[in-house]
Amino acid sequence: MENSLYVSPSPHIHGDDSISKNMYGVLIALLPAFLVSLYFFGLGALIVTCVSVLACVIFEYLIQRFLMKKEPTILDGSAILTGVLLAFNLPSNLPVWIVIIGALAAIGIGKMSFGGLGNNIFNPALVGRVFLLISFPAQMTTWPLIDAANAFPLTYTDAETGATVLSLLNEGTANLPEIGDMLIGAKGGSLGEVSAIALILGLLFMLWKKIITWHIPVSILVTVFAFTGIMHLVNPVAYASPVIHLLSGGLLLGAIFMATDYVTSPMSKNGMIVYGIGIGLLTSVIRLFGSYPEGMSFAILIMNALTPLINTYIKPKHFGGK
C-alpha cells in the first residue's frame, strides 16, 4: 500500500492554492491587455500570441516527454503563461520563425534546463525576450505604428513602423504622446505593454484574488517615480516627467506580471521590497544613461540572479520568534 503519511516540521498550514489555479488566475488578469492589443495591433497580435503559446506548450511537452523522461505537466498553465508573457514582450509584426526561436529559448534554456517549474533561476519569458533582442536586434526594435481609429488591423509583417515612447525620450522630451493615449494604449511598443489601464486592471484583479501582494510592483513603481522625478527636477528639458516613465515601455508589464513570478522572486515581504527597489533603480539607470532605451527586462533578470542572496540574508521571522 502506498505510504500517504508525510512528516514535516510544524506549523502545518493548509490552503486551497495550487499551481494551476494561480497560473490561470494570472492569465485571466492578462485578458484586458490582450484585448487592447487585439484592438490596436489586430492580426499581428493574434498570430504572435497564438504561435508563442503553442510553441511553448509543444517544446515543454517534448522536452519533458523525450529528454527528461517524465510525465508532461503542460496542463498546469505555466507553459501557456510563459507563451503569453513572451508574446507580450514582442513586437506584433515579428516573423513566426523568430517567435518560435524565442519560445525555444524561454522553455528550453530559461525553464527546463534548470529542471522545470520551481527550479528555474530566471523568468523564462524574459530569457526568451532577451535572447531574441540580442540575436535579432533589428526585428525586435521595429514597432508597428498604431492607428487608434482602425480597430483590429489586418496587416502583419508589412505594417508601417515607427518609434516608441522610450525611443523618443532619447531625442528629448518633445513630440511625446499624450498621457491619455498612453493610458489607453494608442502608442507604439510591444503588443502587451501599451495600455496602462489594462495592465492596472490586471494588477487589481491579482491583488483582489491574492495571487500576488503589493510589495514588488509598488516598490518598483515608487522607486522609478522617485529616481526619474529627481532627474526631471534637475533638468526637465533632458529628462521626462516620472509619469511618462511609469506609463511607457514595459515598466508596468514587468512590475506587475514579470517581476512577481513566484519562483524567481524573494520569499519574504522585506526581501520583495529590496528586490523591487533594485529593479526600479536598475531600470531607471539603464533608461536614462544606458544605450538601450528600455531596461526593465535586464533589471528583472539581474535581480532574479540576486534572489537567492536576498533570501539568505532577509528571512521572515521564524514561528514563535521575537
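**Exercise 1. Classify the ring of Trp97 by accessibility, then find its aromatic partner.**

Start with the surface: Trp97 is partly exposed at 49% relative accessibility, where buried means under 20% relative accessible area, exposed over 50% and partly exposed in between (1.4 Å probe, protein chains only). Before going on, note that this is a predicted model, in which local features need pLDDT of at least 70, side-chain atom pairs count only at pLDDT 80 or more, and totals for chains, interfaces and linings use all residues. Numbering runs from 1 along each chain as its sequence is written, and side-chain values use heavy atoms, with hydrogens and water left out.

Next, the pairs. There are six aromatic pairs in the structure; rings of Phe, Tyr and Trp (its six-membered ring) pair if their centres lie within 6.5 Å, and planes under 30 degrees apart count as stacked, over 60 as edge-to-face and the rest as tilted. One of them joins Trp97 and Phe136: with centres 5.4 Å apart and planes at 90°, the pair is edge-to-face. Trp97 belongs to helix α4 (residues 96-109) and Phe136 to the loop between α5 (124-135) and α6 (137-140), so this contact ties together parts that are 39 residues apart in sequence. Helices here are DSSP runs (H or I, at least four residues), numbered from the N terminus. Finally, Phe136 is buried, at 16% relative accessible area.

**Exercise 2. Do the same for Tyr239 and Phe289.**

Geometry: 6.4 Å centre to centre and 70° between the planes make this aromatic pair edge-to-face. Location: Tyr239 is in the loop between α10 and α11 (242-247), and Phe289 is in helix α13 (residues 269-289), so parts 50 residues apart in sequence get tied together. Surface: Phe289 comes out partly exposed, at 47% relative accessible area.

**Exercise 3. Locate two positive phi angles outside glycine.**

Background: most residues other than glycine have a negative phi. Lys69 goes the other way, with phi near 55°. Lys69 lies in the loop between α2 (43-67) and α3 (78-88) and is exposed, at 65%.

Now Lys210, whose phi is positive at about 60°. Lys210 lies in the loop between α9 (196-208) and α10 (215-234), and its relative accessibility of 69% makes it exposed.

**Exercise 4. Which rings have the charges of Arg65 and Lys209 over them?**

Apply the criterion: NZ of Lys or CZ of Arg must be within 6 Å of the ring centre and within 35 degrees of the ring normal. Arg65 sits over the face of Phe66, 5.4 Å from the ring centre. For Lys209, the ring is that of Trp208, with the charged end 4.4 Å from its centre.
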